[in-house]
Amino acid sequence: MTGVSAMPDAIKPTNSRQAAPSFSAKTSFGQLIAYPAAADIPADQWARFFHAHWKDHRFQQLAEETLYDGIGHACLVVQDAHGETLAIQPVFVIRQDLALGTPALLTRAIRWVRSLWPNFLQPRMLMVGSLAGEGQLAIDRSRSDLAIAALQEGVEVFAHHCGAGLITFKEFPAATRDTLQGLLERGYARVPSYPSVWMPVAFASFEKHLEHLTASTRKDLRRKFRESAAGGSAQMEVIVQLSPELVDELYALYLQVFERSELHFERLTRSYFVRLAEVLPDRVRWFLWRLDGRVVAFKLCFLYEGILYDDYIGLDYAVALDLHLYFVSFRDLYSWAAAHGIREYFSTPLSYFPKLHLGFHLVPLDLYVRHTSALLNFVYTRLAKVMGPTTGDETLSPFSNFNEL
């Protein structure tokens, strides 16, 4: 790997739009080019590499413009020796808390060490993938082995340029394991991330789905629905575009859920809510539940090729628990999906206990991690497997496909 050109010392947060790359380097495969913004890469290349995903190339630019404020990010383009693009990959740099999800006893020990060494187990890390959601393999599928090998090298070159000691390929679906096998051969460790969940929409109504759940679950859900109806039945509506008033109302409900969560992932912004329908009107659907005209719950979903992706939820906790709005929203959303020809229903990580009883299955997501130092990597990859995010999470093991993690 030779020939690094003169560029900034590290990627920086930017909202600029410029055609010139912020960094480039020759590699053994060809060339790595890093652009500061998604808009700097020709749209036809984005469309070519991201078109077959529910969060396509349009989403990548939206996320960059609305979610990455204050976070260093770039878009890597990996080319072969003839200048043909092999891969496009968004990346970002953060300080990652490696202690998240570790057992309580180990967490207490880490807190003690941090009282003396504040950045202990919080290294500077280059994350390969999207800040919002799972990673995507945007590669030339006709030359996948070459593309992955070139991407690996390019990512490591860029990590060195950014001063990131750690590299993580973030939350790539298990379906990409064969393609990403080369990462393991290059010294990466594969670690289970928090899985998403999935179910087929196999029945014509929620009542039919309910019949295939356990007797205790059916009894519990029917009790919840009676209590909810007695407290005032929340009515569902489906919209694409939010009015300014609705944006404020829904964003406040989202923050209620976000702030109650023990584990925090990306924090959405108000501008993300505003611009979603502008950028992805064919895929975005907002499901709202109103009580006496007031929105008390919402779900932000994406539709793509007969699949429903249930991505974010907002709840008014003044009434949400008494009215069992989490379960009411699932019932109504399943009913809507069944009535509109939806074949599959995906939902996000966490809240595994209710999802297990509602009939979901796990969808494994993998982290591929390594340290840029070969010596430290020997220790780091072994620690990562012990301290992975799902370590000690007892809500996962009851799922029938838990072993797939």
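This passage describes a sheet, a contact between two helices and a pocket in a predicted model.

The sheet is open and consists of 8 strands in the order S1-S2-S3-S4-S5-S6-S15-S7, with mixed pairing. Strand S1 (23-26) and strand S7 (189-192) form its edges, each pairing on one side only. On average, and with direction ignored, neighbouring strands of this sheet are turned by 25 degrees against each other. Strand S2 (residues 30-35) and strand S3 (residues 72-80) run antiparallel and are joined by 6 bridges. Within this pair, Leu-32 has Val-78 in S3 as its bridge partner.

Two helices that pack on the sheet are described here. Helix H1 touches S3 and strand S4 (85-95), and the direction of H1 makes about 90 degrees with that of S4. Helix H4 (residues 144-162) touches S1, S2, S3, S4, strand S5 (124-128), strand S6 (166-173) and strand S15 (365-371); the direction of H4 makes about 35 degrees with that of S4.

Elsewhere, the axes of helix H7 (residues 215-232) and helix H10 (residues 325-339) come within 10 Å and cross at roughly 100 degrees. H7 is therefore roughly perpendicular to H10. In this contact, Leu-221, Lys-224, Phe-225 and Ser-228 of H7 meet Phe-327, Val-328 and Arg-331 of H10. By class, the contact residues are 4 nonpolar, 1 polar and 2 charged.

The second largest pocket holds about 350 Å³ of space. Its lining has 16 residues, and Ala-52, His-53, Gln-136, Leu-137 and Arg-141 are those nearest the centre. Helix H1 (residues 43-50) gives the most to this lining, with 3 residues. The lining is made up of 7 nonpolar, 5 polar and 4 charged residues.

Key: Residues are numbered from 1 along each chain as its sequence is written. This is a predicted model: local features need pLDDT of at least 70, side-chain atom pairs count only at pLDDT 80 or more; totals for chains, interfaces and linings use all residues. Side-chain values use heavy atoms; hydrogens and water are left out. Axes are lines fitted to C-alpha atoms, for helices over the stretch in contact, and angles run from 0 to 180 degrees between N-to-C directions. Helices (H or I, at least four residues) and strands (E, at least two) are DSSP runs, numbered from the N terminus. Angles under 35 degrees count as roughly parallel, over 145 as roughly antiparallel, 65 to 115 as roughly perpendicular and the rest as oblique. Contact means heavy atoms within 4.5 Å. Ala, Val, Leu, Ile, Met, Phe, Trp, Tyr, Cys and Pro count as nonpolar, Asp, Glu, Lys and Arg as charged, and the others, Gly among them, as polar. On a 1 Å grid over the protein atoms alone, a cavity is a set of points where a 1.4 Å probe fits but cannot get out, and a pocket is an open set with protein on both sides within 12 Å along at least five of seven lines; lining residues have an atom within 4 Å of a point. Grid points are joined across faces, edges and corners, and a volume is the space filled by probe spheres set on the points. Two strands pair if DSSP finds at least two bridges between them.
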